Amino acid sequence: MTECPIPFLAKAFLALTLLVLGTPACAELSITRGSATAASSTAGNAVPEWIYTLKPGESFTEVASDLLVKSHSADRLLQYNAIENAAMLGEGDRVRIPLSWLKRQPNPARVTSVSGSVQLISGMDGTKKPLTENTLIPVGDEVLTAMGSATITLADGSEVRLSPDSRLIFNRLTQYGKSGMVDTRLRLNRGEVHTRVKPVIEGGARFEIETPSAVAAVRGTAFSLKTGPQGTHLQVTEGVVDFGAPNHTHRIPAGYSATVANNNGNRGKLNIRKMPPAPEINPLPKVLTQLPAELTWKQSSATNYRLDVFETQSGRWVESREIRGNRFDIGRLDNGQYEVHLAVLGQHGMAGMPGILPIEVDLQARSAHLLAPDDGGSVNDDMPEFSWALKGKNEVARVEIAEDDTFQNLVATSEWAPGTTALPSRPLGPGQYYWRVVTEAGGNSVATTQPRKLVVNGTLPPVRIISINYVESQVRVFWQRVDTAVNYRLQLAEEPSFNRVIKEATLPDTTAALRLIPGRRYFVRLKALSDGPLQSRWGPGRELYLE
């Protein structure tokens, strides 16, 4: 046992007290999972305690003010520890504090990430709303995943990853003031959670997940818990978990799984198994600069595996799937850092110990090569097609169109897509524009081409003939006015295809008189003209016949 750094006078008082208590001086009191009790200052009475060690620069009075509820003073805590003077305590000295004296307050959990459809159910009125990132989850609320998943961080930094088709209730979220201790109790009604729990401070801190058939009490570990009609299954990958039917738990160490059955014949029965070892994953480059990347592992007798991909910083569950064989193409990842977890699937579909491979994705976008339209070119179409060639890997691109080369105000774009051609999102009116192509890779790497100038000549609306009047040997044609037209071009032919035009004229008005030979069939059509290069398509032809 190491010697405690307690001043001489304090040692004398503590030694006298500990002789009465029968507790060895400087011994950490035995606490198990925060539910056992420690010796109190009164012989024969056992109360839950927590031992606090003074840090450099801390005074006993400051610590007592930070940690104790108002009904318990620093002087009373000195009496509890049989210490006459606070000045006797310094760095490294330990103080016993009854848990009931500590400040407590509910501390909500926080949503770190959400993928897919996830709902938050209020514990106050049962209302449902979509769960979003950074939402605070108070005591009593439930999280219900459908096809989605969520990562939730608790007050002490512990992390809970909720898989699809799960329901988790937050029964208790208590923090003991500034002590760093928490009392967290969750209920998993169905589904699966993966947790990474911060080490629990001895003497009252608690982390438990209850299911309809079992309970898991945790000291500080990484484990997964899955529950359903057949029972509850536990897998421990780090640390230890006390697991089993309520009041009948056993300690399950890392590398082992355990199942509590829920069927009538074996209800409450606990089966413990050693988990299959982690697959040996072949290394990949430290940084992946293009995707997909082939992940492989050494062949074994196993044929089925479970693969999970988590985002390192947020804990977001990016992908989860069952695969066969010993290879998998990693793809569809944005730039960032990830953990790939690979585990053997046993006969009952239960995963073994995971092999964990950290990877970093760093995709870089490159500027596209512009093909058409040419720089400074002109088009008559108000929906021109733009084309380019991509130079990089795993890129998506879009066209951006603006009226000036700064592109501060875009007048049209195209959708982000991996293709190399696109149409603008809306028709372009006649005028001068600038266009460019923006490429993106990995979600945050962007490259932009130099702008090109483009003139859109555009088109005028087609001309529609309104009526035709026959007077003796003359035919008068009337057509609809086009607001932006200056003139109209008229064609007359003897067949509907207008391959052989017998008369063509440019007219300023919306009517024309034609002399026709009686007994012959003719066809007439018109188009609108502007004072520039703009013109309409030919309007539909009309048949003319003079008896």
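Let's start at a strand pairing: Gln105 has Gln175 in strand 13 as its bridge partner. The model we are walking through is a predicted one, so a word on confidence will follow once this first region is in view. The pair belongs to a short antiparallel match, in which two bridges join strand 5 (residues 105–106) to strand 13 (residues 167–175).

Strand 13 is a good place to linger. Strand 10 (residues 142–145) also runs antiparallel to strand 13, with three bridges between them, and here Val143 stands opposite Leu168. Strand 14 (residues 182–196) pairs with strand 13 too, again in the antiparallel sense, over eight bridges. Look there for Ile169, whose bridge partner in strand 14 is Arg187. As background, strands of a sheet pair through backbone hydrogen bonds, either parallel or antiparallel.

Just ahead of strand 13, in the loop that follows strand 12 (159–162), you will find Asp165. Asp165 has a positive phi of about 55°, although it is not a glycine. Most residues other than glycine have a negative phi. The relative accessible area of Asp165 is 47%, so this residue counts as partly exposed.

Now for the promised word on confidence. The chain has a mean pLDDT of 84, and 88% of its residues reach 70 or more. Residues 1–45 are a stretch to read with this in mind: the pLDDT there is below 50, and the model gives the stretch 81 contacts beyond near neighbours in sequence.

From the strands we can turn to the interior. In soluble globular proteins, nonpolar side chains tend to be buried together. The largest nonpolar core here has 33 residues, and the members that touch the most others are Ile137, Val143, Phe170, Phe223 and Phe243. Val143 is the residue we met opposite Leu168. Apart from this core lies another, of 25 residues, with Leu291, Leu295, Leu363 and Ala447 among them.

Phe223 deserves a closer look. Leaving aside neighbours within four places in sequence, the contacts of Phe223 include Val193, His194, Thr195 and Val197. Its contacts also include Leu234, Gln235, Val236 and Thr237. Two of these names return at Ser257, a residue of strand 21 (residues 256–261). Beyond residues up to four places away in sequence, Ser257 touches His233, Leu234 and Gln235, as well as Asn271, Ile272, Arg273 and Met275. Ser257 has a relative accessibility of 8%, so it counts as buried.

Leu291, a member of the 25-residue core, takes us to a backbone feature. The peptide bond from Leu291 to Pro292 is cis, with omega near 0°. Pro292 sits in the loop between strand 23 (287–288) and strand 24 (293–296). A cis bond is also found from Ala372 to Pro373, with omega near 0°, and Pro373 lies in the loop between strand 30 (369–372) and strand 31 (377–379). For context, most peptide bonds are trans.

Strand 23 leads on to an open sheet of five strands, in the order 23-29-28-25-26 and with mixed pairing. Strand 23 and strand 26 (317–324) stand at the edges with a single partner strand each, so one side of each has no neighbour in the sheet. Strand 26 pairs with strand 25 (residues 304–311) in the antiparallel sense over seven bridges. Within that match, Tyr305 has Ile323 in strand 26 as its bridge partner.

Tyr305 also takes part in an aromatic pair, and the whole structure holds five such pairs. Its partner is Trp297, in an edge-to-face arrangement with 5.3 Å centre to centre and 65° between the planes. Trp297 is buried, with a relative accessible area of 1%, and Tyr305 is buried at 1% relative accessibility.

Our last stop is strand 33 (residues 395–402), the home of Arg398. The side chains of Arg398 and Glu400 are joined by a polar contact of 3.0 Å. Not counting residues up to four places away in sequence, Arg398 touches residues including Leu410, Thr413, Trp416 and Arg436. In the loop between strand 33 and strand 34 (410–413) comes Phe407, a residue other than glycine with a positive phi, near 60°. Phe407 has a relative accessible area of 7%, so it is buried, whereas Asp165 is partly exposed.

Terms used: Residues are numbered from 1 along each chain as its sequence is written. This is a predicted model: local features need pLDDT of at least 70, side-chain atom pairs count only at pLDDT 80 or more; totals for chains, interfaces and linings use all residues. Side-chain values use heavy atoms; hydrogens and water are left out. Helices (H or I, at least four residues) and strands (E, at least two) are DSSP runs, numbered from the N terminus. A polar contact is a pair of N or O atoms within 3.5 Å; within protein, one must be able to donate a hydrogen and the other to accept it, and residues adjacent in sequence count only if both atoms are side-chain atoms. Contact means heavy atoms within 4.5 Å. A nonpolar core is a set of buried Ala, Val, Leu, Ile, Met, Phe, Trp, Tyr and Cys residues joined through side-chain atoms within 4.5 Å. Buried means under 20% relative accessible area, exposed over 50%, partly exposed in between (1.4 Å probe, protein chains only). Two strands pair if DSSP finds at least two bridges between them. pLDDT is the predictor's confidence in each residue, from 0 to 100. Rings of Phe, Tyr and Trp (its six-membered ring) pair if their centres lie within 6.5 Å; planes under 30 degrees apart count as stacked, over 60 as edge-to-face and the rest as tilted.
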